[in-house]
2 protein chains.
Amino acid sequence: MAYLTIGKVAKKTGVGVETIRYYERSGILSKPDRLPSGYRVYTEENIKQLLFLRKAQALGFTLGEISDLLSLSTDPTSNCEQINDLAKEKILQIEEKIAILQNMRRDLDAIAQYCPANSQPISDCSIINHLYGNS
Amino acid sequence: MAYLTIGKVAKKTGVGVETIRYYERSGILSKPDRLPSGYRVYTEENIKQLLFLRKAQALGFTLGEISDLLSLSTDPTSNCEQINDLAKEKILQIEEKIAILQNMRRDLDAIAQYCPANSQPISDCSIINHLYGNS
DNA sequence: CTTGACCCTGAACCATGGTTCAAGGCTATA
DNA sequence: TATAGCCTTGAACCATGGTTCAGGGTCAAG
């Protein structure tokens, strides 16, 4: 049949059927039309929304934030600055996460460096000793 | 009273009472002794475990991994190499997360760069256009 | 001996981003 | 027309790391 049903959309986009329904249930994606049978039929517009969602997700936006982005993107009274603010905030959040992880790596490197890493008993392990506060 | 009850441990370590009970319930921390009343009484050893947990958590270990670290740390047959392997693996995981976040930031930077960020309508927004696939 | 702060238990609930299940209806193909 | 493979719904479940709640018991001070 010519209808773009959920399974076809799933194949086309690589997003699972259950996941697409989940996005709809969560109010992130607009509800597609239905056939008399109840089957969802998707338009190209629906698919664009879905791909928008996945791209934004890959950029680190949460589903809640993506919901906002999608609303703004179709709101005639919204403007570029609002979108830019969200992007800038997200960049800051990402940078914060990076900084935290870099600190973790640095600290872990530092305490692992002196671990003999051999068959010595645990009492010689710099990692365990650090964690137990015997710096 | 002289007993180190859960509330005192919470104040001393900065870990919430509910959180301490949660760690015990999850089998990560060993069960403290009890008074006839049922009150938990903690030893310095218990507190060391708790601080170990929080330090390891700050280094990026999950509670499951910390459980392993604690077991190894008291197992007489374990050795330094096993601990070192866990630390190395964690460093790799952290590096992987950093790489993913750096890619996100780079991509987000790249698409936000050309956004006019003013009162222009959404149709001029490079961010939205990117997400809709109109690169 | 009462009051208030502290403690106990078990169970439910929170966010996040989905996945899985049960029980049944619709459709394409041979 | 049989039947495999789609589709529907609502609800429960997963991991992670806790928090909150209801309904009580205990302890120390006044």
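Trainee: How far is the polar side-chain atom of Thr5(A) from a phosphate oxygen of DNA strand D?
Mentor: This is a predicted model, where local features need pLDDT of at least 70, side-chain atom pairs count only at pLDDT 80 or more, and totals for chains, interfaces and linings use all residues. Residues count from 1 along each chain as written, chains are lettered from A and ligands numbered from 1 in written order, and side-chain values use heavy atoms, without hydrogens or water. For Thr5(A), the distance to that phosphate oxygen is 3.4 Å.

Trainee: Which side chain has an N or O atom 2.2 Å from a phosphate oxygen of DNA strand D?
Mentor: Tyr23(B) also has a polar side-chain atom by a phosphate oxygen of this strand, but at 3.0 Å. The 2.2 Å value belongs to Arg21(A).

Trainee: Of the strand D atoms within 4 Å of the protein, what share is sugar or phosphate?
Mentor: On the protein side, 19 residues surround the strand, Gly7(A) and Gln57(B) being among the closest; being near takes a heavy atom within 4 Å. Bases make up the rest of those DNA atoms, and the sugar or phosphate share is 74%.

Trainee: Now the protein interface: which residue of chain A meets Glu95(B) in a salt bridge?
Mentor: A salt bridge needs a side-chain nitrogen of Lys or Arg within 4 Å of a carboxyl oxygen of Asp or Glu. Chains B and A have two of them. In this one, N to O is 3.4 Å, and the partner of Glu95(B) is Arg105(A).

Terms used. A polar contact is a pair of N or O atoms within 3.5 Å; within protein, one must be able to donate a hydrogen and the other to accept it, and residues adjacent in sequence count only if both atoms are side-chain atoms.
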